[in-house]
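Dear colleague,

Please find below the structure that I am handing over to you, together with its sequence. My findings are set out after it.

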Amino acid sequence: MAAGLAAAVFAGPACANLAYVSNEKDNTMSVVDTATMQVVKTVPVGQRPRGITISHDGKFIYLCASDDDTIQVIDATTFEIVGTLPSGPDPELFVLSPDGKTLYVANENDNLVTAIDVESKEVTAEIPVGVEPEGMGVSPDGKTMVNTSETTSMAHFIDTETHEVTDNVLVDTRPRFAEFKPDGSQVWVSAEVGGTVSVIDNKTRQVVKKIDFAIPGLRSEAIQPVGICITADGKKAYVALGPANQVAVINTDTYEVEKYVLVGQRVWHLAFTPDQKTLITTNGNSNDITFIDVATDEPVQSVTVGQQPWGVVVSPN
């Protein structure tokens, strides 16, 4: 049945978008048809896959094989590993520049951000940052990249032309993720242990708001913000709350939490489908992903994938 579904999915240009999920524990990548909400293929990959993204033309998937100290390049048609990129030690998260030419990688073990030219497969810069870098975000114009360092509790603003750190912004404990608003005016940084999201003005490099979370029946320490997605119109932000098993829906004008959406256990990262009608969450401890209807902010279906799903990306149109 899986083979038949795969054939249907790959048959032609009118096919549905595919979601790619990195499964940290069993060293696989799940390929999920977003229309049928079914796994159509399981691909063996490197050791401890975490960060995952896709080239802007949809031809290649980039995956952090953290325990192999490399980034694998996977053909999005054949699912063959067709190359590697020199990531530096223990790559965890990365972000692809808007022009698709540079991959910026957080190297947790040596406190560096590595810039890689995707075409030449060469390292173009190694940028010293704080202790245990993880979160990676890039502005829509490609001029500014933000890295978060977990132990230093900072967001580091980096000029992508000079590769210099221009600003260091203190946030709450263990920042995990950085996401720019589509207009580039702000960057949102989640703090897993601090339990907040810091909203940073991209011009002044000042925190303009700290968003807190409160869920009835849950202790505050169980609410651990990690992944963030902001809608293309900039009106809503979604924040994965880790072991709280919920996704917060936030009004970006008022910074108020409008809703909590119950998903799987230890929700970690998020990705929209290209039409932004659906949000997909990875739920590490329940070994599944959840599809959320963005119009209603209601969960639609959960789908079992591999062991400890970590990252997710969806193919572009």
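The notes that follow cover a sheet, a strand with its two partners, and a single threonine.

Please bear in mind throughout that this is a predicted model.

The open sheet

Four strands, in the order 16-17-18-19, make up an open sheet in which the pairing is antiparallel. The edges are held by strand 16 (175–180) and strand 19 (207–212); each has a single partner strand, so one side of each is left without a neighbour in the sheet. From one strand to the next, the twist averages 20 degrees. At the strand 16 edge, the partner is strand 17 (residues 186–191), and five bridges connect the two in the antiparallel sense. Should you wish to locate this pairing on the display, Phe177 is a convenient place to look, with Ser190 of strand 17 standing opposite.

Strand 1 and its partners

How many of the six residues of strand 1 are buried? Six of the six residues in strand 1 (residues 18–23) are buried, so this strand is largely enclosed by the rest of the structure. The burial applies to both faces: Leu18, Tyr20 and Ser22 point one way, Ala19, Val21 and Asn23 point the other way, and all are buried.

Strand 1 pairs with strand 2 (residues 28–33) in the antiparallel sense over six bridges, and Val21 has Ser30 of strand 2 opposite. These two strands form a hairpin with four residues between them, where Asn27 adopts a positive phi near 55 degrees. Strand 1 is also joined to strand 28 (residues 309–314), again antiparallel, by five bridges. In that pairing, Ser22 has Gly311 of strand 28 as its bridge partner.

Thr114

Thr114 lies in strand 10 (residues 112–117). Is this residue buried or exposed? The relative accessible area of Thr114 is 2%; because buried means under 20% relative accessible area, Thr114 counts as buried. Its side chain has a polar contact, at 2.5 Å, with the side chain of Asn107. Which residues does Thr114 contact once its neighbours within four places in sequence are left aside? They are Pro86, Ser87, Leu103, Tyr104, Val105, Asn107, Val123, Ala125 and Glu126. Asn107 thus appears both in this list and as the polar partner of the Thr114 side chain.

Yours sincerely

Conventions. Residues numbered from 1 in each chain as written. Predicted model: local features only at pLDDT ≥ 70, side-chain atom pairs only at ≥ 80, totals over all residues. Heavy atoms only, no water. Pairing = 2+ DSSP bridges. Axes fitted to C-alpha atoms, helices over the stretch in contact; angles between N-to-C directions. Buried < 20%, exposed > 50% of the residue type's maximum accessible area, 1.4 Å probe, protein only. Polar contact = N/O pair within 3.5 Å; in protein donor to acceptor, adjacent residues only side chain to side chain. Contact = heavy atoms within 4.5 Å.
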